[in-house]
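User: Got a minute to go through this one with me? I'd like to start with a helix and then hop to a loop.

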Amino acid sequence: MKIYSSEMASHTGEKPHKCDVCGKSFLHKSSLSRHTRIVYKGEKPYHCDICGESFSENHYLNKHKYIHTEQKPFSCNICGKSFFESCNLTTHKRIHTGEKPYHCNICGKPFLQNQHLINHNVRSHTGEKPHNCDICGRSFSQNQHLTEHKRVIHTGEKPYHCDVCGKSFSFNRHLTKHKRIHTGEKLYHCDIYDKSFSENSELTSHKNICTEEKPYHCDICEEKPYHCDICGKSFSENSELISHKNICTEEKPYHCDICGKSFSENIELISHKNICTEEKPYHCDICEKPYHCDICGKSFSENSELISHKNICTEEKPYHCDISGKSFSIDYVLNKHKRIHTGDKPYHCDICGKLFSFNRHLTKHKRIHTGDMPFYCNICDKSFSENSELISHKNICTEEKPYYCDISGKSFSIDYVLNEHKRIHTGEKPYHCDICGKSFSIDYVLNKHKRIHKNL
């Protein structure tokens, strides 16, 4: 009779077995038992006899064992890439065919894998986070994210080891990337400039620069079902609305127990505490530095970085601007310099639409909208949006004047004031009016002068 009931339920779509903790429903009672065992009891009865790692499912253990044997028996007949499991090969082939068979029945968005669809529903529509950390209580929408959280934040576990240098990693993808440092392998090639990359993501980013394409359009954020009842602004996720409301109401529920400063978002408090305590908790476990400069001994993770550095060490400047004739040690610095001549401003503010030539200028500008001032003076408690402003301010606070004019001997608290002063001696006037051609030694004097033309 039970078999009959299960068969009937499979046709009707009924899921009679419900979890009394999270409300999730299952077709079979055994599936509910499995869900309870894995999610709430955290049981992992399957153990690897090589490294001792434990798993909740036997097929996860079998998949894990391929890491030790490095066996990848399933190969793609189009690009040659190999996989541990046949299901991974099937999913991979959809990249070549463009097939996305899994569709969201709420917004219609298609996905390559069923798991991606499930993740999408949890993140975008339900907001459900059923996986809870038993140490700090933080919740996650996926069990994988919970596992990664525990490794990085709590246990520090690094089960993946490099067999060349012995370095350990928290995640297998980091080990795979690290191994390319030893092999020098660069599998991904640009067919425009003949440049090679160790990661497909690097090639994709490079090609967008090569072709000036901007292929990524957000097809989720047009739908913003969560509305602020104070200002009317809409958001795609409820968590964003909650954070926004703290800004709207000027509530700052997150308090720093060191200096007492308050914040509207927890992430702002965490970032602030690193500044307060001068902690730097995030360490890169990938970037070994096998390339050494034989002049100064400095080390680098990539040979290209060493080559650029040597130009600085030897004071060579092989990159020349064909407009101004100025020379540079590093090619990307030349590319940035050229924006002065071309007027190219590739960085856009998504709030007011203002354009910027450099990303650092955009970052600084955004703080006008957010009001963020993360740099604090420990003498007078004044806050600044830039670290350079804090340094200059501290010289004023302490009455230090570390910048000296070697001609007149005069001292200054701020470096750019010294540069302006030196122009009195040199007679240099680098700021030119594009209307009448008049030149000025200080930029704000030029701006003041331009008002004369506007008033005519």
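Analyst: Sure. One term before we start: helices here are DSSP runs of H or I with at least four residues, numbered from the N terminus. Also, this is a predicted model.

User: OK, what does Gly184 do just after α7?

Analyst: Gly184 takes a positive phi there, about 70°.

User: And how many residues does α7 have, and how far does α7 reach?

Analyst: Helix α7 covers residues 172–183, which is twelve residues. From first C-alpha to last, α7 reaches 17 Å, close to the 16 Å expected.

User: Which residues in α7 are buried?

Analyst: His174, Leu175, His178, Arg180 and Ile181.

User: What covers them?

Analyst: The cover includes β11 (160–161), β12 (168–169) and β19 (291–292).

User: Switching topic: where is Ser357?

Analyst: Ser357 is in the loop between β24 (355–356) and α13 (359–370).

User: Buried or exposed?

Analyst: Ser357 counts as buried, because its relative accessibility is 14% and the cut-off for buried is under 20%.

User: What does the side chain of Ser357 reach?

Analyst: The backbone oxygen of Asp344, at 3.2 Å. Leaving out residues up to four places away in sequence, Ser357 touches Asp344 along with Arg339, Lys345, Pro346 and Tyr347.

User: Last one: what pLDDT does the chain average, and which elements have the lowest and highest means?

Analyst: The chain averages 76, and 84% of the residues score at least 70. Among the elements, helix α1 (residues 2–12) has the lowest mean at 55, while strand β30 (residues 439–440) has the highest at 88.

Methods. Residues numbered from 1 in each chain as written. Predicted model: local features only at pLDDT ≥ 70, side-chain atom pairs only at ≥ 80, totals over all residues. Heavy atoms only, no water. pLDDT = per-residue confidence, 0-100. Helix = DSSP H or I, 4+ residues; strand = E, 2+ residues; numbered from the N terminus. Expected span 1.5 Å × (residues − 1). Buried < 20%, exposed > 50% of the residue type's maximum accessible area, 1.4 Å probe, protein only. Contact = heavy atoms within 4.5 Å. Polar contact = N/O pair within 3.5 Å; in protein donor to acceptor, adjacent residues only side chain to side chain.
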